[in-house]
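Reader: I would like to learn how to read the features of a structure one at a time, with the general idea first and the case at hand after it. Could you take me through one in that way?

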Amino acid sequence: MDIFRSHVLVCGGTGCTSSDSPKIIDKFNEEVSKAGLDKEVKVVRTGCFGLCEAGPVVIVYPEGSFYSHVKVSDVPEIVSEHLLKGRIVQRLLYQGDQKDVEMSLDNIGFYKKQKRVALRNCGVIDPERIEEYIAFDGYKALGTCLTEYTPQQVIDIIKESGLRGRGGGGFPTGLKWQFCANEKNDQKYVICNADEGDPGAFMDRSVLEGDPHAVLEAMAIAGYAIGANMGYIYVRAEYPIAVKRLEIAIDQAREAGLLGKDIFGTGFEFDIDIRLGAGAFVCGEEMALIASIEGHRGEPTPKPPFPAQKGLFGKPTIINNVETFANVPQIILNGSEWFSSMGTEKSNGTKVFALGGKINNTGLVEIPMGTTLREIIYEIGGGIPGGKEFKAAQTGGPSGGCIPASHLDTPIDYDSLTAIGSMMGSGGLIVMDEDNCMVDVARFFLDFTVDESCGKCPPCRIGTKRMLDILERIVAGQGQDGDIEKLEQLGENIKNAALCGLGKTAPNPVLSTIKYFRDEYEAHIYDKKCPAGHCKALLNYVIDKSKCIGCSACAKVCPTGAITGKIKEPFEIDQSKCIKCGACITKCKFGAIEKK
Amino acid sequence: MKSLQELEAIRNKTLSQIDIRKKSEGTRIVVGMATCGIAAGARPVLTALVEEVAKRNLSDVTVSQTGCIGACRLEPMVEVYTPGKDKVTYVKVSPDMVGRIVAEHIVNGNPVTEYTIGYHEENTK
C-alpha cells in the first residue's frame, strides 16, 4: 500500500481551473518526481476550496499550509523548499486581513466562522476517486438506511431534522418525500435539480465538482425512502467539469455496486442518469425542468398537480436541489438532532452562499443559519475593497431583493429574509457599494428575467417587459412623474398573477429597491441625477480648473477629441462630443476630472 | 457492494492513505530537513518513520518536516510533540533506531532515553 507523507491539494474547481490550476498540477508532478519524492508526496486535484479570490489555491498537508495565487513558476520553490526541506514558503502563504502570516487554513478569518456540512468534502477529497469519498464516511448513510431503517424511518429522520429546500423555496424536504411516498404507483422518480442559473451563483456547481458522490448517495437514499428506482440529475451543459465528474462518479458507483441492482445485498435497486439542460433559466422551475427531461419545451404548467403526485412521465416524483441532497447523508449519519441544533428555530442547518460583487474574499462560504449579513460581509468576506461604503446586498438573484445597510444585522434565514422583502434564493450573494446605482441594478436583473421568461403566461411575458421599458427610460434620464407608482402596481400584479416562480418573483429586485432606495429613483426622475454617478445619461464629466495642471494626458486618450486646451493651462471638455467613456478619469493623475 | 463490512474495509484501506488531511489532535513527529539534516541522512529516517507509522496503523500520528533545528552537529534530529507533554528531541537518528522510537515512545508513551539529546550530551563530554 502506498503511504504518502505529504499531500499537495490543488484546487480543480472551475474558478481555479480557469486560472491555470491544471498546469500547476502537471508542474507539481514533474517537480516532485524530479526531486525523487514521487513515493512520498502525492498530488491531488480536489474540488473548490471556497476562497476563489485567492486562486489558484494549493494546500499542503500535514501542515495544512494554505498557498494562494500560486503560479506555475512558484511550483519549483514549493517543492524544493517545503516538500524537500520542510520550510514553508512564507511569501506565498495566504495573508488575508491579518498582520501575521497564517500557516494553517483553519485560522484564516474566511474559514473561522464557517461551518461546512454540504461542502465538508470539497477541497479535501479527490472527487474522481470513490475510495476517498468512502474513507470520509461516504455511502455509510446509504448502507445504514438500507440495512437498519425502514423507508418511513428515513423520512421521519429528514422531517425531524427540519431540512428545508436549499434551492430557494425552502419547502420542508421531509414533507415533500412523505407526499411522494404516500402515492401508490408502479414507478416513481428522484430528480436532482442542478440547473443553477442565478447570475453570480455557483454553489451547486462546486458541490458537484468537489463531492459528486454525496449527491448520488443522497439520491439513492431518497429513492429508498419514497420507493423509486430511478433518478435523474438535470445539470446545465455549461458546467463541463461538473458533468464530467458526475459521469465518472456514476460509473464508479455502478462498478462498486453502490448503484444498480441489489445494493448492499438488500435487493434495493437504484440507478442514475444525467440530463443536460441547454441553459434556460426557467428550467430551474420544477415543472419546466420535468417537461425538459421529457423532451418537451421547457415551460411550466399550473400546480396542482404537484410533482409528488404527477411528475416526470406522469409518475410521482421528488425534485430536490443539489445542496439539499448534499446535506442528507450527513443528517442520516449524525442524526436529526445534530442538524436541528444548528441554525435558527425555523431554519435549521447551514446554507452555502456564493459571495460576489464588491467584496474582498470572493468565493464560496457555508454558514450556520442565523449568521448575520454583517458577519458574512465583514468577518468572512473581509469587507469591501477600497474602503468604500456598503450600500446593499442582493440575495436570491433575479428572484430576490436588495438588503440595505439598515438591515445588516438581520439573521440570515428563510423567514427573516422574506420579511424584509428579499429571499434566501439558491444562495447568490452580491455585495454592492456606493458606486452601484440601485435603479440600474434593478434594471439589470429585470433585463435578465425578461430575456429568460418562457413567454407562456402574459403577466410575465408582457408585464416584466413593460417594467423594463419604464426602468430603461428612468436610467436614460427620461423618467416621468408616476413611474415609481406604475412600477409598484405592475410589480404587485405580476407577483399575484404569474404562473410560476420565475414570474412571481421577477418584480422583487425592483420592488425592494423602490422600498429601500426610493430617493435614488426620485433623483433620477425629478432631478435627472444619478447619485451613485453610474448612469451615463445623467452625468457629465467636468474638469476642475483648480486641479488641472494642463498636462494634456486626458486629451491624448480621449477617443472623440472632446478635450481641448493649451499646455500648462486648464483643459476643457466639450459636452456635445463627450461619449462618457471614462478614459480621461483613469488617465488623470491629479484627480482633476469629476463626474457630476 | 454487498454489506456494510465490505464498505468499512474500503474505508479503512483508503483512510490510512489520506487521513493526514483530517485535523489531528495527536502526536506530531517532526524531522529536521534543512541542508544539514539532509546531508546527515535525514531522508531515510523520514521515510522509515512514515513507513513505521503506517505499518502500525497509527491514525492520530503525523510525520512532517521542519527546517534547521539549530544543532546541526547533532543531525539527523527528530522531535516528538505529544499534546500535554514536553517535547522530546532525539539526535543522530538512523533508520534502524526508528523502530524503537515508534514502538516505545509513540505507542507506549516511554521516550527512548538513550537516544535523546540530554543523554547524548551527558555521555559524550
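The dialogue below takes up chain B, the contact between the chains, the cores, a helix pair, a sheet and two single residues.

Author: Please keep in mind throughout that this is a predicted model.

Reader: Let me begin with the smaller questions of layout: how many helices and strands does chain B have, and in what pattern do they follow one another?

Author: Chain B has five helices and four strands, and along the sequence they come in the pattern α-β-α-α-β-β-β-α-α. Taken along the principal axes, the C-alpha atoms of chain B fill a box of roughly 65 × 30 × 25 Å. Of its 125 residues, 39% count as buried, and among the contacts in chain B with a separation of 6 or more, 64% are between residues 24 or more positions apart.

Reader: How should I read a pair of strands in chain B, and which way do strand S1 and S2 run?

Author: The general idea is that in a regular strand the side chains alternate between the two faces of the sheet. In the present case, strand S1 (residues 28-32) of chain B and S2(B) run parallel and are joined by five bridges, with B:Val31 standing opposite B:Gln65 in S2(B). Strand S2 (residues 62-66) of chain B is mostly covered, since four of its five residues are buried.

Reader: Where do the two chains touch, and how many residues of each are in contact?

Author: The contact involves 26 residues of chain A and 27 residues of chain B. On the side of chain A that touches chain B, helix H5 (130-135) and helix H6 (140-148) of chain A are the elements that give two or more residues, and H5(A) gives the most, with four residues. By class, that side of chain A has eleven nonpolar, six polar and nine charged residues.

Reader: Turning to the interior, which residues touch the most other members of the largest nonpolar core?

Author: That core has 185 residues, and A:Val58, A:Val215, A:Met219 and A:Ile221 touch the most other members. Its largest share, eleven residues, comes from helix H10 (residues 212-226) of chain A. To take one of these residues as an example, A:Val215 is in contact with A:Cys192, A:Val207, A:Leu208, A:Val322, A:Phe325 and A:Ala326, when its neighbours within four places in sequence are left aside. Apart from the largest core lies another, of 30 residues, which includes B:Val50, B:Val61, B:Ile69 and B:Leu74.

Reader: How does one describe a pair of packed helices?

Author: Two packed helices are described by the angle between their axes and the distance between the axes. Here, the axes of helix H9 (residues 203-210) of chain A and helix H11 (residues 240-255) of chain A come within 8 Å and cross at roughly 35°, and the crossing of H9(A) and H11(A) is left-handed. From H9(A) the contact is made by A:Arg205, A:Leu208 and A:Glu209, and from H11(A) by A:Ile241, A:Ala242, A:Arg245 and A:Leu246. By class, this contact of H9(A) with H11(A) has four nonpolar, no polar and three charged residues.

Reader: Staying with helix H11 of chain A, is A:Val243 buried or exposed, and what is it in contact with?

Author: A:Val243 lies in helix H11 of chain A and is buried, because 20 other C-beta atoms lie within 10 Å. Leaving aside neighbours within four places in sequence, A:Val243 is in contact with A:Val235, A:Ile274 and A:Leu276.

Reader: What is the strand order in the open sheet of chain A, and which strands stand at the edges?

Author: The open sheet has five strands in the order S7-S8-S6-S5-S9 (chain A), with mixed pairing. Strand S7 (260-263) and strand S9 (317-321) of chain A stand at the edges, each with a single partner strand, so one side of each has no neighbour in the sheet. The twist averages 25° from one strand to the next. Within the sheet, strand S6 (residues 230-236) of chain A and strand S8 (residues 268-277) of chain A pair in the parallel sense over seven bridges, and A:Tyr234 has A:Arg275 as its bridge partner in S8(A).

Reader: As a last case, how is A:Ala555 placed, and which residues does A:Ala555 touch?

Author: A:Ala555 lies in helix H22 (residues 553-557) of chain A and is partly exposed, because 19 other C-beta atoms lie within 10 Å, whereas a residue counts as buried at 20 or more. Not counting residues up to four places away in sequence, A:Ala555 touches A:Ile563, A:Thr564, A:Gly565 and A:Phe571.

Methods. Residues are numbered from 1 along each chain as its sequence is written. Chains are lettered from A and ligands numbered from 1 in the order in which they are written. This is a predicted model: local features need pLDDT of at least 70, side-chain atom pairs count only at pLDDT 80 or more; totals for chains, interfaces and linings use all residues. Two residues are in contact if their C-beta atoms, placed from the backbone, lie within 7 Å. Ala, Val, Leu, Ile, Met, Phe, Trp, Tyr, Cys and Pro count as nonpolar, Asp, Glu, Lys and Arg as charged, and the others, Gly among them, as polar. A residue is buried if 20 or more other C-beta atoms lie within 10 Å of its own, exposed if 12 or fewer, and partly exposed in between; C-beta atoms are placed from the backbone. Two strands pair if DSSP finds at least two bridges between them. A nonpolar core is a set of buried Ala, Val, Leu, Ile, Met, Phe, Trp, Tyr and Cys residues joined through C-beta atoms within 7 Å. Axes are lines fitted to C-alpha atoms, for helices over the stretch in contact, and angles run from 0 to 180 degrees between N-to-C directions. A crossing is left-handed if the near helix is turned anticlockwise from the far one by less than a right angle, and right-handed if clockwise.
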